[in-house]
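Hi everyone, thanks for coming. I'd like to walk you through one model today, so get the picture up and follow along with me.

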Amino acid sequence: MNGLLAVLLTLVGAVGTLTVAIREPVRQTIAAGFLSLVLALLFFALQAPDVALSEIVVGSIAVPGMLLLAIAKIREQEQSADHEPGEADRGGDE
Amino acid sequence: MTRGRSVTALIGLVLLVGGLAWGATGLYGFGHYHASYGRIVAHASVPDRSATNSVVVTAFDYRAFDTLGEEFILFVSVVGVLVLLRRLRGESGRDEENVAEEDRRASESTRWIGLAAAGPLVVVTVYIVVHGQLTPGGGFQGGVILMSAIAFVAVGGESMVLLRLRRTSRWVEMAESAGAAGFAMIGFGGLIAAGVFFQNFLPKGTSGLLTGGVIPLANIAVGLEVGGALLMVIAELFDQRLRGRRL
Amino acid sequence: MSVYPYIVAAWLLGAGLYGVMSSRNYVHLIICLTVMQASTYVLLLSVGYVSHGKAPIFADIPTNSTVVDPVVQALTLTDVVVEATVVALLLALVVQANKRFNTVDPDAMTRMRE
Amino acid sequence: MNQLAPLAVAVPLLGAALLVLGHSLVPRIAAELLALGLAAASTVMTTLLLIHVGHGLTIYWFGGWHPREGVAIGIDFAVSAIGAGLAAFVSSLMVLALVFSIRYLDVRHPYYQVMMLTFMAGMVGFCLSGDLFNMFVMFELMSVAAVALVGYKISEGAALEGGLNFAVINTIGAFLFLLGIALIYAHTGALNLGQMGASLRRSGDDRVVVVAFTLIVGALLIKAAVVPFHFWLADAYAVALTPVCLLLAGAMSELGIYGVGQVWFTAFQGALGSHLHVVRAILVGAGLLTALWGGAMALTEDHLKRLLAFVTISFVGVFLIGVGLLSEDGVAGTAVYVLADGFAKALLFACVGILQHRLGKVGQHRLHGRGRSMVATGVLFTAGGLLIATVPPFGPFLGKAMIDDAAIKAGYGFVPPLVALASGLCGAAVLAAGARVFCGWGDPGRDAPDLADEDTEPETREGQTRTPATMFGPALVLLAGAVACGVWSGLPGLAASAAHRFTDFPGYHAAVFGTARHLGSVKSSSPQWFDYLYGAAATALAIVLAGLELWGERGVPGWKRASAAVAAAMGPIRSLHSGRVGDYTAALALGIGVLGVLLAATLV
């Protein structure tokens, strides 16, 4: 095993731990995106360019995008809940 | 965490992490992979399919049935998201004011920047998809990049584009399901033309883009499916943001 | 040193699992699940690694070169897709749950029981 | 004929994709008919496969990638009679579930049908696959579809909570499965079960094998909902649409147990066979715990669907005992039991669906006496209760008798009375509930008003005065199925020969790698006198306990104190079902850890 791999593996472990430790959703999303980036570098080093490419596009673009949209929605909901408490949007299908 | 949960969690974590580490360290050392499956597959992909990327050959040919399952995991999860985020009675709609408000947020210039970024990305997508069987990349990666190209436009144009997208989501959905159906059809094509499900039924070619038999077709189908699926999810989540905004 | 990747994989599993158990926010919990998933990527790819092996793509290298295992890479590709779908489905459920409960704290959503 | 194997999975998948593609062109009725047709097609195909397979094994290599140099390079379907039978059972349940859902208001065509078809395709694929990673993919396919189906009623908080718990726990299970696959692939160089088994047979056991086995079996037990991995099941099954429950309870839980048997007999038996008694003791122990836990919880439950969810858990425990005996007889008994009991549980869920359709409620105290006019449904429900209490000589009785005999043969003489106790508890819970709802017996509403009802919204336009044929018909068919399993005298013989094939690894390996090998004939056992005794005892226990539940407080001195003591003892166990995903995850980690330690102890 060469030094580059050892460094990248350590980095993956550390960033992974950090991602769990951060409890604030937006910052955590950014950490998760960063974790994907580090993972992708590791995969390149492990001679898996296809997987690395997928990991970059999924882990650093698609998943954070979904997460940020959902967080924005949840925040909005919290704000509006302050104005009108109780259950919003109850009812059957259209 | 309650006390009971902490104790259970601690013991469980120690056993699970320790157990996995204990088991995995019983393997051969890192870098000493020697099994024949990987070697056979790696060295057979060029003679079998004239395709140089043996990962893509494995995913789309040797183990194509796995990928069929995977495509439908994606497909059904999008259907699941559509159903779970469906509009209920009494839920406020996509009001015109919301649209207008969202619209004001995006300035003209950022919109153009977004559009400018999107063009090259689409070119990159096409390149990645059609070269899948030869170099790293393929339908899957291309699909996600296609999605992000449109997301770039969305960042520039903020909601305008995504709103239009929501309105035309019927087309995105059709592209997505056509991709999923297309991949299944490749399997059926093998059955009809060659007698075995997922058997290759196109010439393997010698070099260049038209190699790998059905693999390029599979790449295009997967690209459509993946790009469409992620776009649907993003658009649905975006639509959620506009809904319920009624202060 | 030759087992270090396996240890990292086990560590990631534990870190993610700890996050899931202790989470007070479903968005946080979902991200912890992706950390757990990273453990599967690391383990899969490292068991297929061959020292001084090349990527199993014969565009620029001779067809008889030593390469790493393409099978685990194909499996990991499938795994990456699963990540995206799990996140999408869970987020959809969380967004809806937030509408009903006005919270994203898993411990506060216990309306099924008193 | 071999071509039917891939088609049974691919046709519903293609149909699902085309349904979404043609979304706006397809009216609801067409979507329903198309889905029904596809499910029926799968049923026919898997049934034909079952007939065709007979005593052999049908191998289908996708893409025509036959093994090279003894190494499987593609994916195969290895269709055995057990796998094909289970697949046929799954798809026929799907037909009934789709008929049942015709009157459902809430369904979004064609998405609902698409999810159901994909769900079915995943389950059928799981039953037929002969490749470990492909089993994982199919497992994920059915999980993803099932999560969306469980969370379907988004206007109910409980449905979302149940869906979230289900999704998180099963996702963790999937990761463990995948880690196990990575380890065993590294160890054997194979994903094909036959090749893996041959390699493990040569290499023997070591810690990699033990840990991989723990992770894979643990993941399957999570899916099957064996204690302590069962918490998610009650939350999820209580809130899913009734037709979905039919499939979840009737088929999906069983697939986890099938998976355990499949990986043991093909792959791991070769390496861990020398520790057979340890593995057997662990699995049977977990099964017994699950059977009794589920039965006890069912008795304390008011919400009818949750009650049935715990009955499901209890029976999963019995299936695990059957397969966990790791013998041919055990597998044969489990095969019969899964079939008969699957029909019976689906029947009970169908009855609850009818109740919900007519009265709009699912809490038994709320429904007290309100089902008096629904005589036919009441009869069906009571019949279902008697069936799961293993009344002789019907299907569940026969299956349980076969499992009991296998247990005695393996030297576990204490298993039959405990299984009878579990069946009695489940039967009592169902019979007491039936008596309350359909006859108005016992005390009305002595308990606090259940919160469950306030949260449960009608799935159909409720308050109907008559039960539609699309709901009653399937229930009747399910009853007929459960009864027929016991009456049809050929079934034990077929199950025995299927089990013989299922447990025979050399035959499996020879079939996969293309060298033919003939199997000897097998003889099946028929129930002994003591089996009838156990069956009768369990039924009697169920009736007596149900009676005590209903009238014990008034009629039997001391019962009030006894039941209070039992309730107090059950309190801590009930509170473990907290609905909090963190608790469930902690229990899961501990459970897998303990399973691993117990197995690892065999190495020392």
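Let's start inside chain D, where the centres of domain 1 and domain 2, taken over C-alpha atoms, are separated by 23 Å. Domain 1 covers 1-130, and domain 2 is pieced together from 131-441 + 458-497 + 528-600. Those bounds come from an automatic or database domain assignment.

Before I go on, some housekeeping. This is a predicted model: local features need pLDDT of at least 70, side-chain atom pairs count only at pLDDT 80 or more, and totals for chains, interfaces and linings use all residues. Residues are numbered from 1 along each chain as its sequence is written, while chains are lettered from A and ligands numbered from 1 in the order in which they are written.

Okay, how many residues does each domain of chain D put into the contact between them? Domain 1 of chain D gives 33 residues and domain 2 of chain D gives 43 residues. When I say two residues are in contact, I mean that their C-beta atoms, placed from the backbone, lie within 7 Å. On the domain 1 side, the elements giving two or more residues are α3 (81-100) and α4 of chain D. The largest share of that side, 11 residues, comes from α3(D). The names α and so on come from DSSP runs, numbered from the N terminus: helices are H or I with at least four residues, strands are E with at least two. By class, the domain 1 side has 22 nonpolar, 8 polar and 3 charged residues. Here nonpolar means Ala, Val, Leu, Ile, Met, Phe, Trp, Tyr, Cys and Pro, charged means Asp, Glu, Lys and Arg, and the others, Gly among them, are polar.

Now zoom out to the whole of chain D. You'll find 23 helices and 2 strands in chain D, and its C-alpha atoms fill a box of roughly 70 × 60 × 50 Å along the principal axes. A compact globule of 604 residues would have a radius of gyration near 25 Å, and chain D has 23 Å, so the two agree. That radius is taken over C-alpha atoms, and the globule rule is 2.2 Å times the number of residues to the power 0.38. Of the 604 residues in chain D, 68% are buried. Buried means that 20 or more other C-beta atoms lie within 10 Å of the residue's own, exposed means 12 or fewer, and partly exposed is in between, with C-beta atoms placed from the backbone.

Next, where does chain D meet chain B? There, 64 residues of chain D are in contact with 57 residues of chain B. On the chain D side, several helices supply at least two residues each, including α1 (4-21), α6 (157-188) and α23 (581-600). The largest share, 11 residues, comes from α23(D). That side of chain D divides into 41 nonpolar, 17 polar and 6 charged residues.

On to chain B itself, which has 10 helices and 0 strands. Buried residues make up 60% of its 247 residues. Among contacts in chain B between residues at least 6 apart in sequence, 75% join residues at least 24 apart.

Let me pick out one helix, α2(B). Its 14 residues (36-49) should span 20 Å at 1.5 Å a residue, and its end C-alpha atoms are 19 Å apart, which agrees. The expected span is 1.5 Å times one less than the number of residues. There's a kink of about 35° at H43(B), shortly before the proline P47(B). That bend is the angle between axes fitted to the seven residues ending there and the seven starting there. The buried residues of α2(B) include Y37(B), V41(B) and R49(B). Right after α2(B) comes S50(B), with a positive phi near 55°.

Two more spots in chain B. A180(B) sits in helix α9 (residues 169-194), and it counts as buried because it has 31 C-beta neighbours inside 10 Å. Leaving aside neighbours within four places in sequence, A180(B) is in contact with E71(B), F72(B), F75(B), E225(B) and A17(D). Then there's I234(B), in helix α10 (residues 215-242). I234(B) and V78(B) are 156 residues apart in sequence, and their C-alpha atoms are 10 Å apart in space.

Last stop: chain A against chain C, a contact that takes 39 residues from chain A and 44 residues from chain C. The largest share of the chain A side, 16 residues, comes from α3(A).
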